[in-house]
Amino acid sequence: MSFDPRQVNFLQVGAERYFLLDPGDGPTVLANGSCPHRGGPLHLGRMEDGTQAVYCPWHVRKVPLRHLQKTALPLVLRRDGAVAILPDTQAAVLMQKKTILAGASRPCEAVAPLAHAE
Ligand code: FES
């Protein structure tokens, strides 16, 4: 599915949530938004510089960026938008723009597509 990452940074696919996560020192990923502990909303968590983790807002557990990168959906940022490979093509998809990681030093309101990609 394709979308404009300037307008959409949060996807709900069936019961699953995904959000655009810019780790700062690596590629932007479409991270699973459910905390591995008990499903808390990771997009509402916070990321502090140098911690390489997102802190879940429910029980403040640390979810390593490495884990979020490994479990992210395939995503390609292009000049004209983004393309993600969804796990369930039959599920209803809700696309939204939310404030992501509001407690981060660099909150992710939206992500500009790559200027140099084909
Ligand atoms: S649900 Fe995330 S820390 Fe418990």
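Is Val-93 buried, partly exposed or exposed, and what is its relative accessible area? Val-93 is partly exposed, with a relative accessible area of 34%; in this scheme buried means under 20% relative accessible area, exposed means over 50%, and partly exposed lies in between, with a 1.4 Å probe and protein chains only. The structure is a predicted model, in which local features need pLDDT of at least 70 and side-chain atom pairs count only at pLDDT 80 or more, whereas totals for chains, interfaces and linings use all residues. Residues are numbered from 1 along each chain as its sequence is written, and side-chain values use heavy atoms, with hydrogens and water left out.

The confidence of the prediction is expressed as pLDDT, the predictor's confidence in each residue on a scale from 0 to 100. For the chain, the mean pLDDT is 87, and 86% of the residues reach 70 or more. Among the elements of the chain, the lowest mean pLDDT belongs to E5 (90) and the highest to E4 (96). Elements are named from DSSP runs numbered from the N terminus, where helices (H or I) have at least four residues and strands (E) at least two.

Two strands are taken to pair if DSSP finds at least two bridges between them. An open sheet of four strands has the order E4-E3-E2-E10, and its pairing is antiparallel. Strand E4 (29-32) and E10 stand at the edges with a single partner strand each, so one side of each is left without a neighbour in the sheet. From one strand to the next, the twist averages 25°; axes are lines fitted to C-alpha atoms (for helices over the stretch in contact), and angles run from 0 to 180 degrees between N-to-C directions. Within this sheet, strand E2 (residues 10-13) and strand E3 (residues 16-21) run antiparallel and are joined by four bridges. Val-13 has Glu-16 in E3 as its bridge partner. The loop between E2 and E3 contains Gly-14, which counts as partly exposed at 38% relative accessibility. The C-alpha atoms of Gly-14 and Gln-90 are separated by 8.6 Å, although these residues are 76 residues apart along the chain.

A further open sheet consists of three strands in the order E5-E6-E7, again with antiparallel pairing. Its edge strands are strand E5 (46-47) and strand E7 (62-64), each of which pairs on one side only. Strand E6 (residues 53-55) is joined to E7 by three bridges, and the two run antiparallel. In this pairing, Ala-53 has Pro-64 in E7 as its bridge partner.

Strand E8 and strand E9 (residues 81-84) run antiparallel and are joined by four bridges. These two strands form a hairpin with two residues between them. Across the hairpin, Val-76 has Val-83 in E9 as its bridge partner, and Arg-78 stands opposite Gly-81 in E9. In a regular strand the side chains alternate between the two faces of the sheet. In strand E8 (residues 75-78), Leu-75 and Leu-77 make up the covered face, whereas Val-76 and Arg-78 make up the uncovered one. Strand E9 is also joined to strand E1 (residues 2-3) by two bridges, in an antiparallel arrangement. There, Ser-2 stands opposite Val-83 in E9.

Side chains of opposite charge can pair when their charged atoms come close. A salt bridge is defined as a side-chain nitrogen of Lys or Arg within 4 Å of a carboxyl oxygen of Asp or Glu, and by this rule the count comes to two. One salt bridge links the side chains of Asp-4 and Arg-6 at 3.1 Å, N to O. Asp-4 is partly exposed at 24% relative accessibility, and Arg-6 is partly exposed with a relative accessible area of 43%. The side chains of Arg-78 and Asp-80 also meet in a salt bridge, at 3.2 Å, N to O. Here Arg-78 is partly exposed, with a relative accessible area of 32%, whereas Asp-80 is exposed, with a value of 58%.

Val-93 lies in strand E10 (residues 93-96). Together with Met-1 and Met-95, Val-93 forms a nonpolar patch on the surface, with about 220 Å² of accessible area in total. Accessible areas come from the Shrake-Rupley method with a 1.4 Å probe, and for residues only the protein chains shown count as cover. Patches are made of residues with over 30% relative accessible area and no salt bridge; like charges are joined within 9 Å, and nonpolar side chains (Val, Leu, Ile, Met, Phe, Trp, Tyr) within 5 Å.
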